[in-house]
Each structure stands twice: as structure tokens, then as C-alpha cells.
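Student: Hey, I'm new to this one. Can you walk me through it?
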Amino acid sequence: MKAILLAAGSGKRLGNLTKDYPKALVDINGLSLLERQIIALRENNIDDILVVTGPNKDKFKTKDITFVHDHDFLNHDVLGTMMSVSEYMTSDVIISYTDIVFDEKIINNIKNSDADINIAVEMNWESAYIGRTDHPVDQAANVLINNKTVKKIGHQTENFGNFSKNDLGEFLGLMKLSENGINIFKNEYFNLIKNHEGKFHEAKSIETAYITDILQELINKNFKVNPVIVDGNWCEIDTLQDLEVAKKKFP
């Protein structure tokens with residue numbers, strides 16, 4: 001199994017920490033975000049790891065890791081970064097944002113999922129937003145689950161229709177695709193790039209879309225997106241406030 005870590009974001013909300021430095025290399029108690037992800041992957045016997053870089057690519061020095069530069073990172077968002085390395089996706093693959101930190105238990109959860117398209121979901125998600133004033137709850141990437149299947153995903157829950165709060169979770173930014181799941185992603189994405197015009201779900205265009213946008217597109221086309229409910233330790237680092245929380249959760 002391979003892992004692809006998406007590290008082409010600018011991390012502007014971390015201020016001077018990421019002015020001349022990749023967000024994935026921000027330090028948490030002596031280990032970077034990227035190093036902590038690599039450790040969690042390797043503890044699950046996943047050693048074939050590819051990192052997709054963006055700004056300040058020369059700062060990445062980790063050994064025994066494949067680095068591929070996203071030359072077009074300024075012109076698309078995380079979905080475009082993911083698909084810029086589509087040729088490397090040939091069999092089961094774990095794909096992760098690199099602004100999250102998680103323990104090995106969460107990787108084990110997603111690694112052992114066996115559907116074609118699997119996304120990691122935290123159900124006890126609202127507690128992480130208590131006191132999180134710089135990244136409020138309405139910025140969460142929410143997931144609506146019904147009958148063990150993802151029905152809605154995105155940031156605009158007002159468009160989800162009627163639902164029970166007990167069915168609402170948060171997407172971690174971590175997923176696993178089977179070989180068939182990869183083919184579904186590739187076929188749909190490149191067809192959309194060729195033919196879609198205008199707004200794309202919550203994005204202004206397919207070129208600037210998030211992974212959540214294409215997941216919703218797949219759901220609308222009746223592809224099953226499987227929620228993997230995780231129960232390990234994790235957090236997202238988007239602001240300086242988040243970073244302080246992460247330092248407490250990951251000593």
C-alpha cells in the first residue's frame with residue numbers, strides 16, 4: 001500500500017511560521033507535522049510514501065521519501081494537487097492532507113477499510129471547536145451519514161436538508177482508495193476538467209475545487225463513499241491557536 005501526502009498548501013493563517021517555510025514542516029514538540037504522519041504510517045507498515053510539494057519545496061529533506069513538486073499549485077486547490085500525481089496512484093492508496101496530525105490508530109482504521117472509496121470521519125467532532133475562535137465550527141468539513149453511507153459532504157450544512165445532529169461528523173482530510181476507487185476518481189476528474197464549466201459544488205470551478213467537492217459529485221452520481229469512523233487522537237492545524245492545541249495533544 002502507498003501513501004500520498006498533500007503538502008502544497010501555503011498555510012498563510014500561520015503567519016510568519018510559514019512565510020518562507022512549508023506548512024507540513026511546522027514543528028510540534030520537536031517533530032514536524034510531516035514527520036508525525038510518516039511515523040504513524042510506518043507503524044502500520046506503510047513505507048511507500050510520496051509527498052506532493054508546493055511553495056518552498058527546497059526545505060523538504062526527509063530521507064527515504066519520494067517528493068514530487070506540484071508545478072501548478074498556485075492555480076488549483078488540494079484536489080488539483082492530488083490529481084497532479086494521478087499517475088502514481090495504481091493500487092490501494094491512502095491520501096492525506098498534511099495540515100492534520102494523527103496517531104497510528106487512525107491510520108489502522110482507514111488502512112483496514114475495504115470499500116472502493118473510504119473517508120475518515122470523526123463523530124465527536126464538535127468538542128474540538130470549543131474555544132476555537134480563529135477557526136470556528138462553520139468552517140468544518142462536515143459529513144452526513146445515513147445507513148452507513150455518506151450522503152452529503154462539505155462546509156455548507158445549510159444545504160444538507162433536514163438531518164439529525166447525531167448523523168453529522170467531520171471529514172479529517174484522510175481517505176483510502178482501492179484500485180477501482182482510483183479509476184473512478186481519475187475518470188470523473190479528467191472528464192470534469194475537460195467538460196465542466198462554472199461553479200462546482202462549493203468551489204468557483206473544478207480547477208479550484210476541494211476533495212470534498214468531487215466526493216459530493218461522486219455521491220450525486222451514486223458512487224458509494226464509505227465513512228470510516230475513527231477513534232484515535234487527531235487534530236487539524238490551520239491557525240496559531242490550533243498549533244497550541246496540537247502541542248498539548250501530541251507531547
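Tutor: Sure. Keep in mind that this is a predicted model. Let's begin with the surface: the accessible surface of the protein chain is about 11900 Å², and 46% of that belongs to carbon and sulfur atoms.

Student: OK, and what share of the residues is buried?
Tutor: 53% of the 251 residues in the protein chain count as buried.

Student: What box do the C-alpha atoms fill?
Tutor: Taken along the principal axes, the box is roughly 45 × 40 × 35 Å. The radius of gyration is 17 Å, which agrees with the value near 18 Å that a compact globule of 251 residues would have.

Student: How many helices and strands are there?
Tutor: The protein chain has 6 helices and 13 strands. As for contacts between residues at least 6 apart in sequence, 72% of them join residues at least 24 apart.

Student: Switching to charges. How many positive and negative side chains does the protein chain have?
Tutor: There are 28 positive and 37 negative side chains, and the centres of the two sets lie 1 Å apart.

Student: Let's zoom in on a helix. How many residues of H5 are buried?
Tutor: H5 covers residues 211-220, and 9 of its 10 residues are buried, so the helix is largely enclosed by the rest of the structure.

Student: Which ones are they?
Tutor: The buried residues of H5 are Ile211, Thr212, Asp213, Ile214, Leu215, Gln216, Glu217, Leu218 and Ile219.

Student: What comes just after H5?
Tutor: Asn222 does, with a positive phi of about 70 degrees. Asn222 is in the loop between H5 and strand E12 (226-229).

Student: Why point out a positive phi?
Tutor: Because most residues other than glycine have a negative phi. Asn222 is a residue other than glycine, yet its phi is positive.

Student: Is Asn222 buried or exposed?
Tutor: Asn222 counts as exposed, because its relative accessibility is 71% and the cut-off for exposed is over 50%.

Student: Where else does a residue that is not a glycine have a positive phi?
Tutor: Asn45 is one of them, with a phi of about 60 degrees. Asn45 lies in the loop between H1 and strand E4 (48-53), and Asn45 counts as exposed at 64% relative accessibility.

Student: You mentioned H1. How many of its residues are buried?
Tutor: In H1, residues 33-42, 7 of the 10 residues are buried, so H1 is largely enclosed by the rest of the structure. The buried ones are Leu33, Leu34, Arg36, Gln37, Ile38, Ala40 and Leu41.

Student: New topic: how many aromatic pairs does the structure hold?
Tutor: It holds 5 aromatic pairs. In one of them, the ring centres of Trp125 and Tyr129 are 5.9 Å apart and the planes are at 80 degrees, so that pair is edge-to-face.

Student: Are Trp125 and Tyr129 buried or exposed?
Tutor: Both Trp125 and Tyr129 are buried.

Student: Last one, Ser86. Where is it?
Tutor: Ser86 is in the loop between helix H2 (78-83) and strand E6 (93-97).

Student: Why does Ser86 count as buried?
Tutor: Because its relative accessible area is 10%, and buried means under 20%.

Student: And which residues is Ser86 in contact with?
Tutor: Leaving aside neighbours within four places in sequence, Ser86 is in contact with Lys186 and Phe190.

Definitions and conventions:
Residues numbered from 1 in each chain as written. Heavy atoms only, no water. Helix = DSSP H or I, 4+ residues; strand = E, 2+ residues; numbered from the N terminus. Rg over C-alpha atoms; globule rule 2.2 N^0.38 Å. Buried < 20%, exposed > 50% of the residue type's maximum accessible area, 1.4 Å probe, protein only. Contact = heavy atoms within 4.5 Å. Areas by Shrake-Rupley, 256 points an atom, 1.4 Å probe, with all protein chains shown as cover. Lys, Arg positive; Asp, Glu negative; His and termini not counted. Charge placed at Lys NZ, Arg CZ, Asp CG, Glu CD. Phe/Tyr/Trp six-rings, centres within 6.5 Å; stacked < 30°, edge-to-face > 60°.
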